[in-house]
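User: Could you walk me through the structure below? I'd like short answers with the reasoning spelled out.

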Amino acid sequence: MIDIDEWTITSAVRKAHGATSNARLKTVMDSLVRHLHDFAREVQLTEAEWSHGIDFLTRAGSITDDKRQEFILLSDVLGLSTLVTAQCNRRPAGCTEATVFGPFYVPDAPAYRNGDDIANGASGEPCFVGGTVRGIDGEPIADARIDVWQSDDEGWYDVQRPELEHAQGRGHLSSLGDGSYRFRSVVAVPYPIPHDGPVGQLLEELGRHPWRPAHLHFMIRAPGYETLITHVFRAEGRYLDSDAVFGVRSSLIAEWKRNEPGVAPDGTCMDVPFYTLEYDFVLNDSRND
Ligand code: BEZ
Ligand code: FE
């Protein structure tokens with residue numbers, strides 16, 4: 001393969017992929033190279049722009065560690081995360097829709113019982129959350145593992161506060177025999193995705209803001225059912241129409257009801273106003289493939 005030019009380079013690279021016995025890798029890489037080359041030809045990419053792109057990726061790599069994942073952020077703001085989530089989570093009507101995972105899930109979050117306060121000291125107005133987990137035929141799902149995580153009222157997740165020695169605003173609990181779940185926390189607020197790195201700079205240059213509308217994250221797992229990774233978004237508040245990571249689905253928007261001081265759903269006497277959120281989840285049966 002010599003004398004390769006701007007047109008023959010694509011088939012030359014794809015021919016070089018012929019040696020692999022990994023058919024899926026070949027499919028993915030052939031297509032990636034074809035689209036990448038078409039992109040470079042279409043925009044007539046200059047050497048300076050190519051170099052700028054390499055520098056961008058280098059900076060994304062440098063800022064990435066076990067607490068900060070700039071490449072996931074990049075995928076999120078490019079809409080790739082939402083695209084992959086959507087095409088991998090097509091579900092029958094009636095099932096709760098999935099949305100992006102985000103970078104702030106922690107696998108070893110504390111275990112709680114129903115009714116516990118998962119805020120665990122996170123600042124914010126009190127909020128009582130409850131609902132049910134059911135299957136597509138309406139059957140209650142007992143013992144579903146419900147992971148929940150959220151920011152505090154300043155928009156920070158606990159993992160973004162290095163001074164914290166214990167988890168705040170995250171945990172997992174199990175649905176009860178009738179499929180119900182219930183916990184206390186604080187009201188979610190809008191917050192900006194981490195934007196002090198190359199992705200934030202890109203957003204700024206594109207004239208885009210880094211904000212996400214207020215939401216709670218959920219991951220719900222139960223034997224015999226597909227794992228659901230989703231958010232519940234707060235109906236009141238900004239950015240529902242311009243989420244920086246394109247994660248909002250109208251079926252996931254719910255009202256956080258404001259209540260005057262009084263008796264909370266768990267019987268606690270509240271001497272300050274508090275919020276209540278009821279949200280029911282519907283899981284799809286496991287696929288057998
Ligand atoms: C989040 O909701 O936690 C999130 C999602 C995508 C990028 C950054 C944060
Ligand atoms: Fe979030």
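User: At what angle do the axes of helix 3 and helix 6 cross?

Analyst: This is a predicted model, so read what follows in that light. Helix 3 (residues 47-63) and helix 6 (residues 198-205) have axes that come within 9 Å. Helix 3 and helix 6 are oblique to each other, since the axes cross at roughly 135°.

User: Which residues of helix 6 meet helix 3?

Analyst: Start from the helix 3 side, where Phe56, Arg59, Ala60 and Ile63 make the contacts. Their partners in helix 6 are Pro198, Val199, Gln201 and Leu202.

User: And helix 4 against helix 6: roughly parallel or roughly antiparallel?

Analyst: Helix 4 covers residues 70-77, and its axis sits 9 Å from that of helix 6. The packing angle is about 25°. Angles under 35 degrees count as roughly parallel, so helix 4 and helix 6 are roughly parallel.

User: Which residues of helix 4 meet helix 6 there?

Analyst: On the helix 6 side, the contacts involve Pro198, Val199, Gly200, Leu202 and Leu203. Facing them from helix 4 are Glu70, Leu73, Leu74 and Val77.

User: On to the metal: which residues coordinate the iron ion (ligand 2)?

Analyst: The donor residues follow the spacing Y-x33-Y-x23-H-x1-H in sequence. The tyrosines bind through OH and the histidines through NE2, at 1.9 to 2.1 Å. That gives Tyr157, Tyr191, His215 and His217.

User: What is the geometry of the site of that iron ion (ligand 2)?

Analyst: There are 6 donor atoms, and the angles among them run from 54 to 164°. For six donors, octahedral needs opposite donors over 155 degrees apart and all others between 65 and 115. The 54° end falls outside those ranges, so the site is irregular.

User: How many residues apart in sequence are the parts that Tyr157 and His215 tie together?

Analyst: Tyr157 lies in the loop between strand 2 (145-149) and strand 3 (170-174), while His215 is in strand 7 (residues 215-221). Both Tyr157 and His215 are buried. Through the iron site, this pair ties together parts that are 58 residues apart.

User: What does Val189 touch beyond its sequence neighbours?

Analyst: Val189 is in the loop between strand 4 (180-186) and strand 5 (191-192). Val189 counts as buried, at 18% relative accessibility. Leaving out residues up to four places away in sequence, Val189 touches Ser151, Asp152, Asp153, Gly155 and Ala214.

User: How many disulfides are there in the whole structure?

Analyst: Cys88 is in no disulfide, with the nearest cysteine sulfur, that of Cys95, 16 Å away. The sulfur of Cys269 is 18 Å from the closest cysteine sulfur, in Cys127, which is too far for a bond. A search of the whole structure comes up with 0.

User: Is Cys269 buried or exposed?

Analyst: The cut-off for exposed is over 50% relative accessible area. Cys269 has 64%, so Cys269 is exposed.

User: Now for backbone oddities: is Asp143 buried or exposed?

Analyst: Most residues other than glycine have a negative phi. Asp143 has a positive phi of about 60° although it isn't a glycine, and lies in the loop between strand 1 (126-135) and strand 2. With a relative accessible area of 58%, Asp143 is exposed.

User: What about Tyr239, buried or exposed?

Analyst: Tyr239 also has a positive phi, near 75°. Tyr239 lies in the loop between strand 8 (228-234) and strand 9 (253-254). The relative accessible area is 14%, so Tyr239 is buried.

Methods:
Residues are numbered from 1 along each chain as its sequence is written. Chains are lettered from A and ligands numbered from 1 in the order in which they are written. This is a predicted model: local features need pLDDT of at least 70, side-chain atom pairs count only at pLDDT 80 or more; totals for chains, interfaces and linings use all residues. Side-chain values use heavy atoms; hydrogens and water are left out. Donors are N, O and S atoms within 2.8 Å of the metal (3.2 Å for Na, K and Ca); water is not among the atoms, so sites may look incomplete. Four donors count as tetrahedral if all angles lie between 85 and 135 degrees; four count as square planar and six as octahedral if opposite donors are over 155 degrees apart and all others between 65 and 115; anything else is irregular. Helices (H or I, at least four residues) and strands (E, at least two) are DSSP runs, numbered from the N terminus. Buried means under 20% relative accessible area, exposed over 50%, partly exposed in between (1.4 Å probe, protein chains only). A disulfide is a pair of cysteine sulfur atoms within 2.5 Å. Axes are lines fitted to C-alpha atoms, for helices over the stretch in contact, and angles run from 0 to 180 degrees between N-to-C directions. Angles under 35 degrees count as roughly parallel, over 145 as roughly antiparallel, 65 to 115 as roughly perpendicular and the rest as oblique. Contact means heavy atoms within 4.5 Å.
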